[in-house]
Amino acid sequence: MDIRQRGTLLAVVALWLARSSPAQPTEEDVPFCGEGHWDAVSESCVCNSGWRQAGITDTFHFLEKSCTQFSCQGDSHCQELLGIPDASCPIESWNCYCGWRYAFSASFSGFQSKDGAAKCMGVMYTFAMFMTGLLEVALTRMWALFVGVAVLLLPVGKKRMVCDHHRATLWSSLRLTMRPHGSCQNGECVSERDYSMMRFMDDFAWSLYALDLMVWTYTLCIVVYLNVLLIWSIALWMLVIVMLLVACVAVCCMAIASCGGELSCGHCHCGDCGNCGDCTCCGDVFQPVDATGVDAMYWGGPHPSDPFWGSWGSGGFDVNSGGICDCGGCCSRRRSCLPVAWVIYTCPIMPENAWGGFVGYWMGTHVATPNERAYLGGNAWIDFLGFHWRRRADLHDDDDWRTRVYNFLAASPQPLEQRVSSMTGRGHGTAMPLNSLRIGAAHVKVISRPFDLERDRCFESSFDDYCHNLCWICQQGNAQYDMWMSCRHIFCAECSSQMLVRGMPCPLCRMASSSILRGVGPRKGPHTI
């Protein structure tokens, strides 16, 4: 046997011996166990004392079944093992909470003692615990601030100038739940003369507003917190269910493509919601209500678009309950944001003025103020509490709306019931003799002078029409004009009387008024055109 044959034989024997002998695992072949060791018999990680396998929220280590989750048993337990005085154990069997200083250690996974005895929470869980603690402190102490403000505002109420029964607020939602058909009609809540529970609530409107804002704030915090937890959980699971999400996205894309291609959603029946071609008939959960007929004159119809005042161009809103628009699955994917959208949409609106309650009765602006004490204007402080400065826009340039108002008044003129009495009103720092008319629920004070832009603080666009002897509604001149004290808009006496006897709000700003100044037509002067 030569040397070449001997080498070949030795190679074959070595290969046979290598295959027949058991393989010895290397260090790289042993799975990562963290604070534990690998058991080849059970083929799993055996955790050290005080440690356990990672939970589902730690996705990578959960899939590896490694021992990376410390099990704290109390604040003193964390402080002793970590040597951190402020360490705490907010939830047993979790990592210790050590604050932001230690959360960024070990590549943002949290500080761990050198001997492997304990571990702090990482950035993600530190943020979650920090926000939870902050929310807990806010919810337990915030009520005192709102209640204190509500007590201070007890003497201040509002003088009702607008029907708020159709607004999307928490209170309106509760009222509609208890009394589905309890909303007022034709502005009866504004023109009501008797002292009722609604008038009682108006006298404490600012205190109720503070309490309503408290309930809304608590609701917003809780709803946002729960939604963040939901989104947080979904984010942690995304790596596990990524394939499922890809499949869902593919299905949604196919649905959108079918809607866009055929201008139809299959089983999407929009009814009165509009065209279903773009699959957005259910996109707006809260739908503006454009009332028709009589209701449009009182709470529906167009409104000045002024977010500072709380109006977005419509007088009422309704929640799409599906009775009108049945879109099936076309827009169901948008319902996930409904809780947060509903809370934000029902943010309480500040009362329209501070002319009610005990303060309003003392100032002469309360609806129950006797005629001899009625406020006629001229006091800058009282005018400020009327919040005219909040209403910065009107519908003066809306010709279509003006035509609707004129046709409504001209279609069926109402007989005027006027009660005349003599009185002495307070205004401009002096007492003045004048006559008082009662038209509907409004007090009309007759003055024997024309209106002045600066003295009467008239609305500028309305005052321009007055100076041209032109009524915005009928587009005609008149010998007498009425200025509505709630908004300082001016109309001719005939149109104004027809609106007052019906209890209508001002068509320009949609605010009702129970106090009217009736002056004479314009004359040339330094403040007229």
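Helices here are DSSP runs of H or I with at least four residues, numbered from the N terminus. Everything below comes from a predicted model.

**View 1. A nonpolar patch on the surface, with helix α6 as its main contributor.** W100, F104, F108, F127, F130, M131 and L134 make up this patch, which covers about 670 Å². Helix α6, spanning residues 123–152, puts in four residues, the most of any contributor. W100 comes from helix α4, which runs over residues 100–103. Is W100 buried or exposed, or something in between? With a relative accessible area of 31%, W100 counts as partly exposed, because that class sits between the 20% and 50% cut-offs.

**View 2. Helix α18, tucked away inside the rest of the structure.** This helix covers residues 493–502, and eight of its ten residues are buried, so the rest of the structure largely encloses it. The buried set in α18 is A493, C495, S496, S497, Q498, M499, L500 and R502. Right after α18 comes G503, whose phi is positive, at about 70°.

**View 3. Where to trust the model, and where to go easy.** Mean pLDDT for the protein is 75, with 66% of residues at 70 or more. Strand β13 (residues 490–492) has the highest confidence, a mean of 95, while strand β8 (residues 316–319) has the lowest, at 46.

**View 4. Two stretches with pLDDT under 50.** Residues 256–290 stay under that value throughout, and the model gives them 74 contacts beyond four places in sequence. Residues 525–529 also stay under 50, here with twelve such contacts.

Note on methods: Residues are numbered from 1 along each chain as its sequence is written. This is a predicted model: local features need pLDDT of at least 70, side-chain atom pairs count only at pLDDT 80 or more; totals for chains, interfaces and linings use all residues. Side-chain values use heavy atoms; hydrogens and water are left out. pLDDT is the predictor's confidence in each residue, from 0 to 100. Helices (H or I, at least four residues) and strands (E, at least two) are DSSP runs, numbered from the N terminus. Contact means heavy atoms within 4.5 Å. Patches are made of residues with over 30% relative accessible area and no salt bridge: like charges are joined within 9 Å, nonpolar side chains (Val, Leu, Ile, Met, Phe, Trp, Tyr) within 5 Å. Accessible areas come from the Shrake-Rupley method with a 1.4 Å probe; for residues, only the protein chains shown count as cover. A salt bridge is a side-chain nitrogen of Lys or Arg within 4 Å of a carboxyl oxygen of Asp or Glu. Buried means under 20% relative accessible area, exposed over 50%, partly exposed in between (1.4 Å probe, protein chains only).
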